[in-house]
Amino acid sequence: MITILEAKRAGLFGKGSFFPNIVAGVIVGIVALPLAMAFAIASGAKPEHGIYTAIIGGFVVSVLGGSRVQIAGPTGAFVAILAGVTAKYGIEGLQLATLMAGLMLVAMGLTKMGAVIKFIPAPVIVGFTSGIAVIIFVGQWKDFLGLPAVQGEQFHQKLLQLLVALPQFHLATTALGLMSLLLVLFSSRIRGMKKVPGPLTAMVVATLMQSIFNFQGVATIGSAFGGIPTGLPSFAMPSFTLAQVVQLMGPAFTIAILGAIESLLSATVADGMAGTKHDSNQELVGQGLANVVVPLFGGFAATGAIARTATNIRNGGTSPLAGITHTATLVLVLLFLAPLASNIPLSALAAILFVVAYNMSEVKHFTRLVARAPRADVAILGVTFVLTIFADLVVAVSIGVIMAFMQLLRRMTETFEVQTLGNEDLKSELQAFGLPALPKDCLVYEIDGPFFFAAVESFETAIKSTGGNPNILILRLRRVPFIDSTGLQSLLQVIEDMHRRGVQILLCEANHRVKAKLLKYGVLEKLPPQDYADKFSEHLGRLTSAP
């Protein structure tokens, strides 16, 4: 309700905004129809499950999400993981995993994880979305070409069987698929068709062709699924056991993470297009509640859809009213036009998914990263891409994030430095106290950078290489933004070692956060009170007054 209240305060339910939002909602509903069915079939579900997902998920996100213009429903990003869950656990297992993912998303939103999800680096996101695009593209060969069913759980097994089966393509099915593909890509260039969505044109024309000529051997929604039932879905609680919950924990977590990334990316794109500002945590709560409710009415995983959200904005959508209208449009289609769907060729839906896969692949972004990004980022991109295709999406994202984290640590470690400050470096400060130079038995080190576990070795090496036999060692901490427990332990060890060597160690200039940690960890307890100072000048003053 937050977005509705905000839209009302902004005057977006007035006469001037009411009609444009209705129009945008109808257009998006028409665009969503073929996509919802196509994504459902690709995910191993029935086409009506995709429509139910778009209706219920779209409504809940529009009302309870964190973006005024977000349109939710089934998306291509989910296809790879959902198809695997459906193949292994059936549609009820998919719905249970969706419900569990919804609860996880709600928890993420309530614990303010919205900002953290955005920190997943671009090479990981591009790697797995491009990998998913490849899986979707290859997965549609069977329906596009009318090939026999293939067996095997692994991508490479299915790919090899599809390649062997290519000579068995069905001519009429392939012809309808090619015609549909051309219509998706180019129908908007036909005079008077500019505003008609390409996927809708392709689906309608292919359906008319099949209805008129009744091509033998062409798989349709009617022949494959028995058509689409008329009417709204009824409430049904998925049956489950504790063992199933445990088994589906991993897939549910993957759906939750993927849903969070997809929805927040979509909301961010929407902000750039519409000049709005979404609430990332409320968006996660809204997406979570949608995924809790959707499986109770026959649907499966839903998330913010970038293409449909962009379509909404481009056609004048500015408030949740457009999203609500989008769901109402789909309801009317389901109630009055469902029987007409029986003759929709699966090859036409496969053609639509070919275009979706290409758009998901981000070919230009992918090639630009490969050509221009640092080698470490290219490696992360490549590993995530390959693992997504040939291993598992969970493994791909996990390994990609771990590699990115390790690369971040390496870069942060390179910024860490322990510098020896000589008389020239301290000239102005020494002059203020009338000191021509530091006492011969005094060394000053400045620690520059985050003092954390990956930087400890550099610090200890620098301290061990301390030249001569100083009586006083001053450590300036003004350039240390934060310190972790490993850094604190290392600092404590150095203090104890210096004391055993008879060296007085002085600390100074820690910021309030670092100083608080020094106190809490007991580092300052190892020093006499005067051996810590908030200003370096206090130590210089002591050196000046020393006998």
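1. In this predicted model, helix α15 is the main contributor to the lining of the second largest pocket, giving 6 residues. The helix spans residues 306–314. Ile306, Ala307, Arg308, Thr311 and Asn359 are the lining residues nearest the centre of the second largest pocket.

2. The second largest pocket holds about 1100 Å³ and has 36 lining residues. Besides α15, the elements that supply two or more of them are α2, α6, α10 (198–213), α13 and α17 (346–361). By class, the lining of the second largest pocket comprises 21 nonpolar, 9 polar and 6 charged residues.

3. The largest pocket has a volume of about 1400 Å³. Its lining counts 38 residues, and those closest to the centre are Ala83, Gly84, Ala87, Glu153 and Lys158. The class split for the largest pocket is 21 nonpolar, 11 polar and 6 charged.

4. Which helix gives the most to the lining of the largest pocket? Helix α4 does, with 10 residues; α4 runs from 79 to 110. Other elements that each supply at least two residues include α2 (15–42), α6 (122–139), α8 (155–165) and α20 (393–415). Helices α2, α6 and α13 are among the contributors to the largest pocket, and α2, α6 and α13 also appear among those of the second largest pocket.

5. Turning to the sheet: 5 strands make an open, mixed sheet, ordered β3-β4-β5-β6-β7. Strands β3 (417–421) and β7 (532–533) are the edges, each paired on one side only.

6. At the β7 edge, β6 (residues 504–508) runs parallel to β7, and 2 bridges join the pair. Leu507 is placed opposite Tyr532 of β7. Helix α23 packs on this sheet, where it touches β5 (472–479) and β6. The direction of α23 makes about 145° with that of β6.

7. Helix α23 (residues 485–500) also packs against helix α24 (residues 512–521), at an angle of about 65° and with the axes 11 Å apart. The crossing of α23 past α24 is right-handed. On the α23 side the contact is made by Ser485, Leu488, Gln489, Leu491 and Leu492, and on the α24 side by Lys517, Leu518 and Tyr521. These contact residues divide into 5 nonpolar, 2 polar and 1 charged.

8. Helix α23 therefore deserves a look from both sides when the model is viewed: α23 touches β5 and β6 of the sheet, and α23 packs with α24.

Methods. Residues numbered from 1 in each chain as written. Predicted model: local features only at pLDDT ≥ 70, side-chain atom pairs only at ≥ 80, totals over all residues. Heavy atoms only, no water. Axes fitted to C-alpha atoms, helices over the stretch in contact; angles between N-to-C directions. Helix = DSSP H or I, 4+ residues; strand = E, 2+ residues; numbered from the N terminus. Left-handed = near helix turned anticlockwise from the far one by under 90°. Contact = heavy atoms within 4.5 Å. Nonpolar A, V, L, I, M, F, W, Y, C, P; charged D, E, K, R; others polar. 1 Å grid on protein atoms, 1.4 Å probe; cavity = no way out; pocket = protein on both sides within 12 Å on 5 of 7 lines; lining within 4 Å. Points joined across faces, edges and corners; volume = space filled by probe spheres on them. Pairing = 2+ DSSP bridges.
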